[in-house]
Amino acid sequence: MAPESTPIKIVPPPWTCHYEAYVGAFYVSAQSGLPRNLAYHPLEASSARTTEAGVWKGGIVMIQLLRYSSTPVGPYDEMILLPGKFEVPGGHGSHTRITRIYVSQRDTTFNGMDAFTSFCFNSLEALGRKNWNIPKHIARFKYNGDFSAPPFTVQLFPEDPTIDIPFFTASLKHLAVWTPSFPFSSNVSKWLGVSNSFVQPPLPEGDPKEVLCGTDVWYKSTASIYSPKAKLVWLDLKQPGKEAEEDDNNWWPGIKRWHLGLWLQNTRMDLGAPEVLEM
């Protein structure tokens with residue numbers, strides 16, 4: 001984490017990023033109900049801006065674990081949750097939404113929202129919030145194994161170093177001794193029903209407000225993604241201290257422990273300026 005006295009870089013879109021990632025997905029119905037304690041950070045979960053931001057429609061839940069090697073604000077790790085689609089007010093239809101996202105260093109929060117505006121302008125939290133209405137927060141990432149060489153396990157902890165219980169755990173394993181690789185593009189994924197666009201509601205203001213800045217408009221953003229080498233992997237969502245056979249204890253209520261995932265290597269993402277949606 002950068003010292004609070006370090007000026008934060010203001011980095012508006014577009015962004016070009018290079019990274020390695022693991023993406024897991026599973027389907028949930030709207031009738032199952034959205035587990036707010038999992039879908040949102042406490043700041044967003046307690047905000048009327050979240051509760052009034054459209055009805056959850058269910059669909060494909062995606063978990064993304066990323067290690068950026070190159071971004072406009074330097075390298076960092078990230079965890080993203082997209083829990084299906086939400087109805088967007090104003091007749092804009094239903095769209096994918098990022099409801100929870102964690103980064104491993106502060107330079108990305110203000111750009112997608114975390115910055116001490118006057119003297120600490122390198123925040124990942126603030127950049128994510130400011131640029132795209134992405135509700136970024138800081139977390140501590142702990143790995144058992146090599147991110148670039150499964151099998152490995154990752155655990156996410158709150159930023160507070162005195163808390164030693166992870167709020168999310170995932171393990172990645174090879175599908176088989178050998179699996180073929182193939183190119184992957186967001187242009188292909190949208191034909192499979194997975195959109196590369198997402199719509200984000202205005203964000204609530206947190207404390208300190210210069211870091212967890214609030215926003216006032218709806219944004220629609222589109223990411224262009226390409227990996228020349230993708231492979232299928234297993235994603236294990238068993239949480240520490242939980243019984244392996246109890247499906248309700250595999251992070252998201254009612255889901256199984258094991259899920260197919262994608263391992264994306266040498267990936268490039270281009271994320272441009274968002275479109276403002278009129279409500």
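A residue is called buried when its relative accessible area is under 20%, exposed when that area is over 50%, and partly exposed in between, as judged with a 1.4 Å probe and with protein chains only. The structure described here is a predicted model, in which local features need a pLDDT of at least 70 and side-chain atom pairs count only at pLDDT 80 or more, whereas totals for chains, interfaces and linings use all residues. Residues are numbered from 1 along each chain as its sequence is written, and side-chain values use heavy atoms, with hydrogens and water left out.

The protein contains 5 helices and 15 strands, where helices (H or I, at least four residues) and strands (E, at least two) are DSSP runs that are numbered from the N terminus. Of the 279 residues in the protein, 53% are buried. The area that the protein exposes is about 12,700 Å², and carbon and sulfur atoms supply 55% of this area; accessible areas come from the Shrake-Rupley method with a 1.4 Å probe, and for residues only the protein chains shown count as cover.

Asparagine 133 is found in the loop between α4 (127-132) and β8 (136-146), and with a relative accessibility of 0% this residue counts as buried. The phi angle of asparagine 133 is near 65°, which is a positive value in a residue other than glycine. A positive phi value, near 70°, is also found for tryptophan 251, again a residue other than glycine. Tryptophan 251 lies in the loop between β13 and β14, and it counts as buried because its relative accessibility is 9%.

Asparagine 133 is also among the residues touched by threonine 215, together with Arg49, Arg129, Pro202 and Leu203, when residues up to four places away in sequence are not counted; contact here means heavy atoms within 4.5 Å. Threonine 215 lies in the loop between β12 (197-200) and β13, and its relative accessibility of 9% places it in the buried class. The side chain of threonine 215 reaches the backbone nitrogen of leucine 203 at 2.8 Å.

Two peptide bonds between prolines are cis in the model. One joins proline 13 and proline 14, with omega at about 10°, and proline 14 lies in the segment before β1 (15-29). The other runs from proline 150 to proline 151, with omega near 10°, and proline 151 has its place in strand β9 (residues 149-158).

A search of the whole structure finds 0 disulfides, a disulfide being a pair of cysteine sulfur atoms within 2.5 Å. Cysteine 17 is buried, since its relative accessible area is 1%, and cysteine 213 also counts as buried, at 10% relative accessibility.

On the surface, Leu175, Phe182, Leu232, Trp234, Trp258 and Leu260 make a nonpolar patch of about 480 Å². The elements that give two or more residues to this nonpolar patch are β13 (218-236) and β14 (258-271). Patches are made of residues with over 30% relative accessible area and no salt bridge, with like charges joined within 9 Å and nonpolar side chains (Val, Leu, Ile, Met, Phe, Trp, Tyr) joined within 5 Å; a salt bridge is a side-chain nitrogen of Lys or Arg within 4 Å of a carboxyl oxygen of Asp or Glu. Leucine 260 is found in strand β14, and with a relative accessible area of 43% this leucine is partly exposed.

Conventions: Polar contact = N/O pair within 3.5 Å; in protein donor to acceptor, adjacent residues only side chain to side chain.
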